[in-house]
Amino acid sequence: MEDHKDEIILILAGYQQEMEKFMQTNPGLHSRFPIHIDFPDYNRQELLQIAEQLCAKRQYQLTVQAKSALLHSLNPPANNSDDKFGNARTVRNIIEKAIRRQAVRLISKHSTTREELMVIEPRDITGVEPCENV
């Protein structure tokens, strides 16, 4: 890599404490990765916007009540005290699970409208654990 350092860009990403431990595993890593960028976590409104974008990309919509349920479930820990909270990744997991729950909910109906196929309701989100493996 050293011989081709002008041709290669290597990005390492991870949680701050874990990355610091990783960098300390080898004394030469700090000099090989001199630039460190810390990105702040998204706030609840930004996480909601991310959820809406994820839904729109798949042609789903969150009802007003579903948005409220999602906001209620998004309580980012202060100062990253919960290492299982993945911020935008958590939102993606919740939306993916809500879409699966919506499908299971609708499969029992005899007929389904186009609108029903596109709408995520609060019951599709309520009870989805943000830190749950999906």
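**Exercise 1. The core**

Which residues touch the most other members of the largest nonpolar core? Work it out on this predicted model, then find the elements that supply the core.

*Solution.*
- Step 1: The largest nonpolar core holds 20 residues, and those touching the most other members are Leu62, Leu70, Val91, Ile95, Ile120 and Ile125.
- Step 2: Now for the suppliers: α3 (44–57), α4 (64–73) and α5 (88–107) are the elements that give two or more residues to this core.
- Step 3: Pick Leu70 and list its neighbours, skipping residues up to four places away in sequence. You get Leu48, Ala51, Leu62, Ile94, Ile95 and Ile125.

**Exercise 2. The overall layout**

Count the helices and strands, write down their order, and see how much of the chain is buried.

*Solution.*
- Step 1: There are 7 helices and 2 strands.
- Step 2: Reading from the N terminus, the order is α-α-α-β-α-α-α-β-α.
- Step 3: The protein has 134 residues, and 28% of them count as buried.
- Step 4: The exposed surface comes to about 10200 Å², with carbon and sulfur atoms supplying 52% of it.
- Step 5: Take contacts between residues at least 6 apart in sequence: 61% of these join residues at least 24 apart.

**Exercise 3. Two helices crossing**

Describe how α3 packs on α4: angle, axis separation and handedness.

*Solution.*
- Step 1: The two helices pack at an angle of about 130 degrees, and their axes are 10 Å apart.
- Step 2: That angle makes α3 oblique to α4, because over 145 degrees would be needed for roughly antiparallel and 65 to 115 for roughly perpendicular.
- Step 3: As for handedness, the crossing of α3 and α4 is right-handed.
- Step 4: Who meets whom? From α3 come Arg44, Gln45, Leu48, Ala51 and Glu52; from α4 come Lys67, Leu70, Leu71 and His72.

**Exercise 4. The inward side of α4**

Which residues of α4 are buried, and which elements do they pack against?

*Solution.*
- Step 1: The buried ones are Ala66, Ala69, Leu70, Leu71 and Ser73.
- Step 2: Check the spacing against helix geometry. With 3.6 residues a turn, residues three or four places apart point the same way in an α-helix.
- Step 3: The partners of these buried residues are α3, β1, α5, β2 and α7 (122–125).

**Exercise 5. Two loop residues**

Asn87 and Gln59: buried or exposed?

*Solution.*
- Step 1: Place them. Asn87 is in the loop between α4 and α5, while Gln59 is in the loop between α3 and β1 (61–62).
- Step 2: Asn87 has a relative accessible area of 7%, so it is buried. The cut-off for that is under 20%.
- Step 3: Gln59 has 56%, so it is exposed, given that exposed means over 50%.
- Step 4: Leaving out residues up to four places away in sequence, Asn87 touches Asp41, Tyr42 and Leu47.
- Step 5: Look at the backbone of Gln59 too: phi is positive, about 65 degrees, even though this residue is not a glycine.

**Exercise 6. A residue in a short strand**

Where does Ile120 lie, and what does it touch?

*Solution.*
- Step 1: Ile120 lies in strand β2 (residues 119–120).
- Step 2: Its relative accessibility is 0%, so Ile120 counts as buried.
- Step 3: Not counting residues up to four places away in sequence, Ile120 touches Tyr60, Gln61, Leu62, Thr63, Ala66, Ala98, Ile99, Gln102 and Ile125.
- Step 4: Finish with a distance: the C-alpha atoms of Ile120 and Ala103 are separated by 9.7 Å, and these residues are 17 apart along the chain.

Terms used
Residues numbered from 1 in each chain as written. Predicted model: local features only at pLDDT ≥ 70, side-chain atom pairs only at ≥ 80, totals over all residues. Heavy atoms only, no water. Core = buried A, V, L, I, M, F, W, Y, C linked by side-chain atoms within 4.5 Å. Buried < 20%, exposed > 50% of the residue type's maximum accessible area, 1.4 Å probe, protein only. Helix = DSSP H or I, 4+ residues; strand = E, 2+ residues; numbered from the N terminus. Contact = heavy atoms within 4.5 Å. Areas by Shrake-Rupley, 256 points an atom, 1.4 Å probe, with all protein chains shown as cover. Axes fitted to C-alpha atoms, helices over the stretch in contact; angles between N-to-C directions. Parallel < 35°, antiparallel > 145°, perpendicular 65-115°, else oblique. Left-handed = near helix turned anticlockwise from the far one by under 90°.
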